[in-house]
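Student: I have a model open and want to learn how to read its strands and pockets. Where do we begin?

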Amino acid sequence: MAQCRKWPACVLLMAVPTWGGLAAQTAPRSGSTGAATVGAAKSERKVPVTADSVTDAGPVIFEDIAKAAGLSGWKHTMGAADKGLICDVNGSGVGLLDYDNDGWLDIYLVNGSNFAALDGKGEPPHAALFHNNHDGTFTNVAEKAGVTNDRWGFGVAIADYDNDGWPDIFVTNLGKNRLYHNNHDGTFSDVAEKAGVTLGNWSAGATWGDYDGDGRLDLFVTGYVHFERSNLPYEKSKAVGYSYCEFRGEPVMCGPKNIEGEPDHLFHNNGDGTFTEVSAKAGVADETNRYYGFTPVFVDVNNDGKVDLVVADDSTLSYLYINRGDGTFEDASYTSGFGLNEDGHEVAAMGVAVGDYLNNGQVDFAISDFSDEAKLLFRNDGNGSFTEMSMRSGIGKPSIPFLGWGAGFLDYDNDGWLDLLFVNGHIYPAADRLDWGTSYNQRPLLFRNLRNGKFEEVPARRGTGLGQAVSGRGAAFGDLFNDGKVDVVISRIEGPPVLLRNVSDVPHHWVELKLAGGAKSPRDAVGATVYLTANGMRQRQDVISGGSYVSTNDPRVHFGLGDATSGGTAEIHWPSGARETLSLPAVDRIYTVTEGHGITGALCGGQRCPGAEPLAQETNSPRSRP
């Protein structure tokens, strides 16, 4: 027997082929593979560090204000309560967008489904679109907007794919995907069929990026597992190779190991509302390996002005594709050191955080993965290679018991150095019954950047957002209240969302930039890189669609300034290849910068700054292309 190494701990039953109608041989279950004693009485268990280990002192960084903000009436639903199938456990993503161009971030929450709803025997769970009311509250307008999805949803990638100045929403599903085109009037239309991006099996994550430099955003979609209702991946079924499925000796749902994977898809934007699949031609189809794709991100890894592609894959090698500039990519997953952990092992990679945590101008990555594994931190060495730094950085050991999903670099205290947050939650309900040293509901992990390549865990204070244990999945990071502090929206599986409002009282300054591309760049400037020089340091931020765990963060770039009293100098590398340098005249403002036109608007305290141009002047109108 061979036991699967990762979270779908499948034990093969067969020593003989299973084709041709041969009956499967049975085999006894293997014993526990973990160090903890399986089956210990619940009364004898200590509260695991993943749920407790909170303090009564320490700083208050986040407060969960979901109820006060009006979000708690919506609930995420996914599959059956016993979580007996892989489609029941992965949860869904979160998207932040300003869908009505009023200068305030709104929230899109993907919902799952169940078989009864898919079969027309029950009301399908609806996605939510929460409109920002500018007063700390939100109103769900999903039905009016036409974006409830009503399919088994997983991921969301938001971008202005048709360059009309309004953000659109792509939703990945178990089944056909959705592409919601923004109608500019508070409503959306699903144009996925016409666009040619529906696919039809299990799509997990997506990312937008202009890989060929034609000024139009292309779409990459990860395939997860091949899923058939007529051949469900239960234990000892054909779908899992007639295997037992267990974790530390406990029967659990099967997958993804021993389930056939789905290929990935790259869609080229034709500029007329349609897309052409070019996955095989570009070298990113994953047709042979069919790894279990979760979260992809387009971002410029090697500073050559072309977006590259990273793909977090579950229980297999993760991909790093380097853009050759001729419409194709080079698979550098092994040679770069990105695809494996520090020990050279595959991990169950879930989410991807993107950011320059060393302030050296290179984009680094953090990867969330399964429990019993250190969460990964990849330092960009600047020569096309990466070094995995989790243990040396200080995030490795504390993160081992946690099962990570959403991940993000954020400067929560605005000191100019990127910190790191992981959203966590187990997939096996048995974690609360058995003594595995972990729990089903888990608290977030926040690591503070010590400015020397190392991080320290921020204490989880009781009664605050960091001390709250939930079974989190998707997470999106952004300034929801236009106060210069980065907040976090968490999608909790089988429950209402969490809104972690940043209430840190550190009196540091900040600036944010909303970029609008010119005629040769994507309109929303996805793919742009901004270097800000201020307060004696140089920071980097990238405009990205996708990331975290199958989610999309605030499209505006945010920079903490510490005690600086000047906004500094921004050097913008536009997707068109143009470079622009401009001075930011003041701190604590959200600037709109339009390619070739400089600053075209500014918000102060959420309102238009005195003497500033209207925020929407350069961002709402469509433009023609040469």
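Student: How many bridges join strand 21 to strand 22?
Tutor: Note that this model is predicted. Now the pairing. Strand 21 and strand 22 (residues 364-367) are joined by four bridges and run antiparallel. Look at one facing pair: alanine 353 is opposite alanine 366 in strand 22.

Student: Which order do the strands of this open sheet follow?
Tutor: The order is 21-22-23-24, four strands with antiparallel pairing. Find the edges next. Strand 21 (352-355) and strand 24 (386-388) each pair on one side only. From one strand to the next, the twist averages 20°.

Student: Where do the side chains point in a strand?
Tutor: In a regular strand, they alternate between the two faces of the sheet.

Student: Is strand 27 mostly covered or mostly open?
Tutor: Mostly covered. Four of the five residues in strand 27 (residues 445-449) are buried. Buried here means under 20% relative accessible area.

Student: Which strands pair with strand 27?
Tutor: Strand 26 (residues 419-424) runs antiparallel to strand 27, with three bridges. Phenylalanine 422 has leucine 445 in strand 27 as its bridge partner. Strand 28 (residues 455-457) also pairs with strand 27 in the antiparallel sense, over three bridges. There, asparagine 449 is matched with phenylalanine 455 in strand 28.

Student: What lies between strand 27 and strand 28?
Tutor: Five residues, and the two strands form a hairpin. In the turn, arginine 451 has a positive phi of about 75°.

Student: How many residues line the largest pocket?
Tutor: The lining has 24 residues. Nearest the pocket's centre are Asp300, Asp304, Gly305, Lys306 and Pro575. By type, the lining divides into seven nonpolar, ten polar and seven charged residues. The space inside is about 370 Å³.

Methods:
Residues are numbered from 1 along each chain as its sequence is written. This is a predicted model: local features need pLDDT of at least 70, side-chain atom pairs count only at pLDDT 80 or more; totals for chains, interfaces and linings use all residues. Side-chain values use heavy atoms; hydrogens and water are left out. On a 1 Å grid over the protein atoms alone, a cavity is a set of points where a 1.4 Å probe fits but cannot get out, and a pocket is an open set with protein on both sides within 12 Å along at least five of seven lines; lining residues have an atom within 4 Å of a point. Grid points are joined across faces, edges and corners, and a volume is the space filled by probe spheres set on the points. Ala, Val, Leu, Ile, Met, Phe, Trp, Tyr, Cys and Pro count as nonpolar, Asp, Glu, Lys and Arg as charged, and the others, Gly among them, as polar. Two strands pair if DSSP finds at least two bridges between them. Axes are lines fitted to C-alpha atoms, for helices over the stretch in contact, and angles run from 0 to 180 degrees between N-to-C directions. Buried means under 20% relative accessible area, exposed over 50%, partly exposed in between (1.4 Å probe, protein chains only).
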